[in-house]
Amino acid sequence: MDMSFKKVKTIAKAFINPLPTGEEWYEKRLEICKGCEYNSANIDSEKLTFGSKLKIQSGLCDNGNHCTACGCCIERKCGSRVSECGLVELKMEPKWKALDIELESSDFYLEYEGTDAILTVGNVNGKEEFLFDFGQFSANVLKTEFKLKNKEPFDVIKFEVSCGCTHPEVIEKELENSYNILVNLSTLNFREGLNEKTITFFLDTKKGKEEVVIIRYRSIK
């Protein structure tokens, strides 16, 4: 299986960083994986692949357990906020989602714990964008509350919206490298069918250059 640089970086970080033992999101993930049919600990040894047996014998994974859907060590994968349940490798519905979504082309990422929209990264006209997908909706206002983060300090210089219906209600600096953002999306004048709106943030990364982060909102009326 070919791995992108982003995935290799994620795996490396998972082994370098300490496990977030005691964190609610981490313990919940572990509990889900503990009972999963793709956990190597829940599969009869005679049914394990040669690769899985080799991984167990190597002692690479904490407690010797790994996900047979993606091959990752369970404790390490669960401890990575940017990781998603390994079932996505089999084109199946994941049992838990990533808490932080990263861009591959920059060091900016979003922390989103909401459930109203699915947050992913997409590519539009050769540019990476964060995408909030609300699917079919009936509400007059769609809300997203998230944190825009970077490993280095940065400032939001300005923002531009593609439509007046997209209104950042809150842009509040939390830390040197983190902003709390609340966006209200009014759907009253949306047309029937697919609707897409964007917010473009212009950011000063303290490295003498300006960076741009685009967030796209997608919904179906």
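**View 1. The hairpin of S3 and S4, with Asn125 in its connection.** In this predicted model, the hairpin formed by S3 and S4 has 2 residues between its strands, and Asn125 takes a positive phi near 55° there. The two strands of the hairpin pair in the antiparallel sense, and 7 bridges connect S3 with S4. Within this pairing, Leu119 stands opposite Phe132, a residue of S4.

**View 2. The open sheet to which S3 and S4 belong.** Five strands make up this open sheet, in the order S3-S4-S10-S9-S6, and the pairing along it is mixed. Its edges are formed by strand S3, residues 118-124, and by strand S6, residues 155-161, each of which pairs on one side only. On average, and with direction ignored, neighbouring strands of the sheet are turned by 30° against each other.

**View 3. The parallel pairing of S4 with S10.** Strand S4, covering residues 127-136, runs parallel to strand S10, covering residues 210-220, and the two are joined by 5 bridges. Leu131 has Arg216 in S10 as its bridge partner. S4 is thus seen with S10 in a parallel pairing, whereas its pairing with S3 is antiparallel.

**View 4. The largest nonpolar core and the strands that supply it.** The largest nonpolar core of the model comprises 29 residues, and those with the most contacts inside it are Phe132, Phe146, Ile215 and Tyr217. Two or more residues each come from S4, from strand S5 (141-149), from strand S8 (178-186), from strand S9 (194-204) and from S10. The greatest contribution is that of S8, which gives 4 residues to this core. Phe132, one of the residues with the most contacts in the core, is also the residue of S4 that Leu119 stands opposite. As a general background to this view, nonpolar side chains in soluble globular proteins tend to be buried together.

**View 5. A nonpolar patch at the surface, with Phe159 as one of its members.** Phe159, Val161 and Ile171 together make a nonpolar surface patch of about 200 Å². Phe159 lies in strand S6, which is one of the edge strands of the sheet. Phe159 counts as partly exposed because its relative accessibility is 36%, a value that falls between the 20% limit for buried and the 50% limit for exposed residues.

Notes: Residues are numbered from 1 along each chain as its sequence is written. This is a predicted model: local features need pLDDT of at least 70, side-chain atom pairs count only at pLDDT 80 or more; totals for chains, interfaces and linings use all residues. Side-chain values use heavy atoms; hydrogens and water are left out. Two strands pair if DSSP finds at least two bridges between them. Axes are lines fitted to C-alpha atoms, for helices over the stretch in contact, and angles run from 0 to 180 degrees between N-to-C directions. Patches are made of residues with over 30% relative accessible area and no salt bridge: like charges are joined within 9 Å, nonpolar side chains (Val, Leu, Ile, Met, Phe, Trp, Tyr) within 5 Å. Accessible areas come from the Shrake-Rupley method with a 1.4 Å probe; for residues, only the protein chains shown count as cover. A salt bridge is a side-chain nitrogen of Lys or Arg within 4 Å of a carboxyl oxygen of Asp or Glu. Buried means under 20% relative accessible area, exposed over 50%, partly exposed in between (1.4 Å probe, protein chains only). A nonpolar core is a set of buried Ala, Val, Leu, Ile, Met, Phe, Trp, Tyr and Cys residues joined through side-chain atoms within 4.5 Å.
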